[in-house]
Amino acid sequence: MPKIEVLRQPEGKLGCRLSGNNTVSEVHTGSVAEAAGLRVGLLVTSINGKPTTREGAAVDALQQLISQSVFKITFDVTDEPPAAKSKEVGLRLLTNKEPAKEPKAK
């Protein structure tokens, strides 16, 4: 899994946005994120060694690091798409057959 190290600018800008599904959704032209190799569509699997497995984890981790004034941020990324959410679907099968008739008493 490739690691991309981004050194944040003194005013705090990285030049990228992450989405709720832990992918890079935007990279600003000329930014430190672009220079480091981040690109739209990459799945962020961890930030500074902290796994980003739950939905929104990458955004939360990045916000926490920025609030702590961390300037060296390492993204573990992959080209694989995020895992699809599973949904349970209930089905009810209907038939065109008439209900069974009870036999007549003799």
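Start with the whole chain in cartoon view: you should find two helices and six strands. Keep in mind that this is a predicted model. Walk from the N terminus and the elements come in the order β-β-β-α-β-β-α-β.

Before zooming in, switch on a surface. The accessible area comes to about 8,100 Å², and 53% of that belongs to carbon and sulfur atoms. Colour by burial next: of the 106 residues, 31% count as buried. If you like contact maps, take the contacts between residues at least 6 apart in sequence; 59% of these join residues at least 24 apart.

**Stop one: strand β6**

Select residues 72-78, which make up β6. How many of its seven residues are buried? Six are, so to speak of β6 as mostly covered is fair under the 20% cut-off for relative accessible area. This strand pairs with β1 and with β4, and the rest of the tour follows those two pairings.

**Stop two: over to β1**

Add residues 3-7 to the selection; that's β1. β1 and β6 run antiparallel and are joined by five bridges. For one partner pair, pick V6 and look across to I73 in β6. Now show the side chains of β1 and compare its two faces. I4 and V6 form the covered face, while K3, E5 and L7 make up the uncovered one.

**Stop three: T74**

Back in β6, click on T74. Is this residue buried or exposed? T74 has a relative accessible area of 18%, and because buried means under 20%, T74 counts as buried. Which residues does T74 touch, once neighbours within four places in sequence are set aside? Select K3, I4, E5, S46, I47 and N48: T74 is in contact with each of them. Of these, K3, I4 and E5 belong to β1, and S46 and I47 lie in β4, which covers residues 43-47.

**Stop four: β4 and V77**

Now bring up β4, residues 43-47. β4 and β6 pair in the antiparallel sense, over four bridges. Centre the view on V77, another residue of β6. Opposite V77 stands V44. Then draw a distance from V77 to L43, C-alpha to C-alpha: the two are 5.4 Å apart in space, with their positions 34 residues apart in sequence.

Last, check the cover around V77. Its relative accessible area is 2%, so V77 is buried. To finish, show β1, β4 and β6 together: β6 has five bridges to β1 and four to β4.

Technical notes
Residues numbered from 1 in each chain as written. Predicted model: local features only at pLDDT ≥ 70, side-chain atom pairs only at ≥ 80, totals over all residues. Heavy atoms only, no water. Buried < 20%, exposed > 50% of the residue type's maximum accessible area, 1.4 Å probe, protein only. Contact = heavy atoms within 4.5 Å. Areas by Shrake-Rupley, 256 points an atom, 1.4 Å probe, with all protein chains shown as cover. Pairing = 2+ DSSP bridges.
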